[in-house]
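Let's take a walk through this protein, stopping at a couple of residues and then at its pockets. Have the structure open as you read.

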Amino acid sequence: MKNMYLPFPAKVIDILKNTDKEYTFRISYNDKLVKPGQFFEVSVPKFGEVPISVSRIAGDYIELTIRKVGKVTAEIINSCIGNTILLRGPYGNGFQLHRYHNKNVVIITGGTGIAPARCLIEYLLDNELHTTLSIIAGFKNKENILYEDDFATWHQNANLLLAIESGIKSDDINIGLVSDFIADLPLKNPQNTEAVIIGPASMMKNCAEQLMTFGLPASNITLSLERKMCCGNGKCGHCRIEDIYVCSDGPVFEYTKIRHMLD
């Protein structure tokens, strides 16, 4: 019987330092089944493992953006350069990509929420889906901005607004919370608009409720939750919210299903 908790080794091709705390790992991987919105469990023997969202899917590699916030993530970043990394997955349901065909799509992210959204953005821009894309991405300050080169590329084909909570306003960067700029979105046909929101729970709920005041149906809003997802199979219960297991039922949910669970 196959052990679902046994990780497999994957070669680290490159590591990009995004900020003082965030690093993007490019990992050799050619399984075509992985899709935007899914995650892997990344492990280091004797230290533990952590769930990391897929931030890019390419032909023969994936990228995982890892934030250095504890012993496990610090050890991953410090020990894996030029070596292999241990993975389990992919896990989770991912985004229902068919929802975004022939639609106006709004993507709102806060902080590292841009990492799982990056996969979806690239899918929408790389395929001829007759989609109109608007992006609002927020960070605490300029030093925390991830994927600056990608933003420059996305700006050419999407309505992009980049915001920081504190700092100096410039031609490319606005000052404020992402929710401050929802009124600026081109929501001319809300019934044909799909929204994706990824970030802290309070931010997601606030943005979702604001979008609804502009006529966007709650059923057209999708969120991606971040919880302590340990097993990835809905067995351990660490990520359970009421009767939902975020790791296996999600992490991507329609807002109508989890609206009452956001606190």
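What follows looks at two residues and then at two pockets. Keep in mind that this is a predicted model.

Start with N30. You'll find N30 in the loop that runs between β2 (22–28) and β3 (39–44). Is N30 buried or exposed? Its relative accessible area comes to 58%, and the cut-off for exposed is over 50%, so N30 counts as exposed. Being exposed doesn't leave N30 without company, though: setting aside neighbours within four places in sequence, N30 is in contact with G59 and D60. Take D60: 30 residues separate N30 and D60 in sequence, yet their C-alpha atoms are 4.5 Å apart in space.

Now hop over to T109. This residue sits in strand β7, which covers residues 104–110. Here the relative accessibility is 0%, and anything under 20% is called buried, so T109 counts as buried. What is T109 in contact with, once the neighbours within four places in sequence are left aside? The list is I114, A117, I136, A137, G138, V178, I198 and M203.

On to the empty space. Rolling a probe the size of a water molecule over the atoms shows where such space is left. The largest pocket has a volume of about 1400 Å³. Its lining is made up of 50 residues, and the ones nearest the centre are G110, T112, G113, G199 and E226. Which elements build that lining? At least two residues each come from β4 (48–57), β5 (61–67), α1 (71–79), α2 (114–126), β8 (132–139) and α4 (201–213). Of these, α4 gives the most, with six residues. Sort the lining of the largest pocket by class and you get 26 nonpolar, 16 polar and eight charged residues.

The second largest pocket holds about 300 Å³ of space. It is lined by 14 residues, with F151, L160, L162, D172 and I173 closest to its centre. Looking at the elements, α3 (148–154), β9 (159–164) and β10 (173–175) each put at least two residues into the lining of the second largest pocket. By class, that lining has seven nonpolar, three polar and four charged residues.

To pull the two residues back together: N30 is the exposed one, out in its loop, while T109 is buried in strand β7.

Definitions and conventions:
Residues numbered from 1 in each chain as written. Predicted model: local features only at pLDDT ≥ 70, side-chain atom pairs only at ≥ 80, totals over all residues. Heavy atoms only, no water. Helix = DSSP H or I, 4+ residues; strand = E, 2+ residues; numbered from the N terminus. Buried < 20%, exposed > 50% of the residue type's maximum accessible area, 1.4 Å probe, protein only. Contact = heavy atoms within 4.5 Å. 1 Å grid on protein atoms, 1.4 Å probe; cavity = no way out; pocket = protein on both sides within 12 Å on 5 of 7 lines; lining within 4 Å. Points joined across faces, edges and corners; volume = space filled by probe spheres on them. Nonpolar A, V, L, I, M, F, W, Y, C, P; charged D, E, K, R; others polar.
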